[in-house]
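Q: I'm new to this structure and would love a close look at a single part of it. Could you pick one residue, walk me through its surroundings, and then show me how it fits into the whole?

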Amino acid sequence: MPQSDAPTGDTATWNVGPPVGPAQQITSRSTSFTAYVSRLSCSGGQTGTVLEPTIDRGEANITVTFTVAALPPGAYTCQGNRPAPFAVDLGQPIGNRRLIDGACHAGAQAATTSWCADGAVRWQP
């Protein structure tokens, strides 16, 4: 069951590593991490405002699903988006669970895109 009443927005995907630079250190004792969030749709190169994620804390996985604020109507180019960092507080240690991108689950909007080509798992112990 989702633990957040996140507002509805446009689909976004995320990763735990910044696009450039060293990866962050996440361990089973971590209670937070920084997600690097990207809008799925064309937006003129901007991710936009990242909304609070929905966090589903299961026994085997912690699924984090991001959305971003909807853009005004218009035509946008599709050159890719600069990932926006977002601090995620899980409220408890990760433990032996995997961190999952909810937008990449089978049947989700992003599941068949290049953003999810390597699957939905973003970190595992």
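A: Happy to! Let's begin with R122 in this predicted model. R122 has a relative accessible area of 11%, so it counts as buried, the cut-off being under 20%. Along the chain, R122 sits in strand 7, which covers residues 121-123.

What does the side chain of R122 reach? One partner is D101: the two side chains make a polar contact at 3.2 Å. Another is W115, whose backbone oxygen lies 3.5 Å from the side chain of R122. Both of these residues also turn up in the wider list of neighbours. Setting aside residues within four places in sequence, R122 is in contact with W14, N15, V16, L99, D101, C104, W115 and C116. So that you can find them in the view, start from R122 and look for W14, N15 and V16, then for L99, D101 and C104, and finally for W115 and C116.

For contrast, it helps to visit another arginine. R82 belongs to a loop, the one running between strand 4 (61-68) and strand 5 (84-89). Is R82 buried or exposed? With a relative accessibility of 68%, R82 is exposed, because the cut-off for that is over 50%. R82 still has neighbours from elsewhere in the sequence: leaving out residues up to four places away, it touches V37, G45 and T47. Take G45 as an example: 37 residues separate it from R82 in sequence, yet their C-alpha atoms are 6.4 Å apart in space.

Now let's step back to the whole chain. It has seven strands and zero helices, so reading from the N terminus, the order of elements is simply β-β-β-β-β-β-β. Among contacts between residues at least 6 apart in sequence, 71% join residues at least 24 apart.

How does the overall size fit the length? For 125 residues, a compact globule would have a radius of gyration near 14 Å, and the chain agrees, because its own value is 14 Å. Along the principal axes, the C-alpha atoms fill a box of roughly 45 × 35 × 25 Å.

R122 has company in being buried, since 36% of the 125 residues count as buried. As for the outside, the accessible surface comes to about 7,000 Å², and carbon and sulfur atoms account for 51% of it. Finally, the chain carries 7 positive and 8 negative charges, and the mean positions of these two groups lie 7 Å apart.

Terms used
Residues numbered from 1 in each chain as written. Predicted model: local features only at pLDDT ≥ 70, side-chain atom pairs only at ≥ 80, totals over all residues. Heavy atoms only, no water. Helix = DSSP H or I, 4+ residues; strand = E, 2+ residues; numbered from the N terminus. Rg over C-alpha atoms; globule rule 2.2 N^0.38 Å. Buried < 20%, exposed > 50% of the residue type's maximum accessible area, 1.4 Å probe, protein only. Contact = heavy atoms within 4.5 Å. Areas by Shrake-Rupley, 256 points an atom, 1.4 Å probe, with all protein chains shown as cover. Lys, Arg positive; Asp, Glu negative; His and termini not counted. Charge placed at Lys NZ, Arg CZ, Asp CG, Glu CD. Polar contact = N/O pair within 3.5 Å; in protein donor to acceptor, adjacent residues only side chain to side chain.
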